[in-house]
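Subject: Structure handover

Hi,

Here is the structure I promised to pass on to you. Please have it open while you read, since the notes below go through it piece by piece.

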Amino acid sequence: ITRNLSFIAGAEYEIFNNLRPKPDPLPSGYLLDGNTWILAGQIANKSAYQGYDLTTNVGVRWVRRDFDSSPSSSELLTFISVFAGLGTDR
């Protein structure tokens, strides 16, 4: 059995400033000033099993949004994916 394990991570910080004057009343979909954090990580494992090349990915993504005049929100996404193939040497 051959294995190839890798870890990938990333972070993103976004600052949003709406340059238009704030209308009264606020229309639907109008975005207020605020910021967003996104953190993500993934572990990928490539291995051979009974003649198949397997690639397994396990990861997580966390997003936090904090806009003026509204409560902060967070979301957490996790995933697992498995791909099986015959490889390139066939």
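Below is what turned up, beginning with the strands and ending at the surface.

One thing to keep in mind from the start: this is a predicted model.

**Strand pairing**

Let me begin with E2 and E3. Strand E2 covers residues 34–49 and strand E3 covers residues 52–67, and the two pair in the antiparallel sense over 16 bridges. If you want a place to check the register, take Asn35, whose bridge partner in E3 is Asp66.

E3 also pairs with strand E4, residues 73–85; these two run antiparallel and are joined by 13 bridges. Two bridge pairs help to trace this pairing. Arg65 has Ser73 as its bridge partner in E4, and Leu54 has Ala84 as its bridge partner in E4.

**The hairpins and other backbone points**

The hairpin of E2 and E3 has 2 residues between the strands. Gln50 sits in that loop between E2 and E3, and its phi is positive, at about 50°, although Gln50 is not a glycine. Is Gln50 buried or exposed? Its relative accessibility is 66%, so Gln50 counts as exposed, the cut-off for that being over 50%.

The hairpin of E3 and E4 has 5 residues between the strands, and there Ser69 takes a positive phi near 60°.

For your backbone checks, there is also a cis peptide bond, from Asp24 to Pro25, with omega near 0°. Pro25 belongs to the loop between E1 and E2.

That loop holds Leu19 as well, and the E1 strand before it spans 3–16. With a relative accessibility of 82%, Leu19 counts as exposed. Leu19 and Gln42 make a handy pair for a distance check: they are 23 residues apart in sequence, and their C-alpha atoms are 36 Å apart in space.

**Two buried polar residues**

Thr36 lies in strand E2. Its relative accessible area is 9%, so Thr36 is buried, as buried means under 20%. Which residues does Thr36 touch, not counting those up to four places away in sequence? They are Glu12, Tyr13, Glu14, Val63, Arg64, Arg65 and Phe67.

Asn57, in strand E3, is another case. Asn57 has a relative accessible area of 13% and is therefore buried. Leaving aside neighbours within four places in sequence, the contacts of Asn57 are Gln42, Ile43 and Ala44, along with Phe79, Ile80, Ser81 and Phe83.

**A nonpolar patch on the surface**

Finally, have a look at the surface. Tyr13, Ile15, Trp37, Leu39, Val60, Trp62 and Leu76 make a nonpolar surface patch of about 670 Å². Which elements give two or more residues to the nonpolar patch? They are E1, E2 and E3.

One of the patch residues is Leu39, which lies in strand E2. Its relative accessibility is 36%, so Leu39 counts as partly exposed. Tyr13 is another name you have met before: Tyr13 belongs to the patch and is also among the residues that Thr36 touches.

Happy to go through any of this together whenever it suits you.

Best wishes

Key: Residues are numbered from 1 along each chain as its sequence is written. This is a predicted model: local features need pLDDT of at least 70, side-chain atom pairs count only at pLDDT 80 or more; totals for chains, interfaces and linings use all residues. Side-chain values use heavy atoms; hydrogens and water are left out. Two strands pair if DSSP finds at least two bridges between them. Helices (H or I, at least four residues) and strands (E, at least two) are DSSP runs, numbered from the N terminus. Buried means under 20% relative accessible area, exposed over 50%, partly exposed in between (1.4 Å probe, protein chains only). Contact means heavy atoms within 4.5 Å. Patches are made of residues with over 30% relative accessible area and no salt bridge: like charges are joined within 9 Å, nonpolar side chains (Val, Leu, Ile, Met, Phe, Trp, Tyr) within 5 Å. Accessible areas come from the Shrake-Rupley method with a 1.4 Å probe; for residues, only the protein chains shown count as cover. A salt bridge is a side-chain nitrogen of Lys or Arg within 4 Å of a carboxyl oxygen of Asp or Glu.
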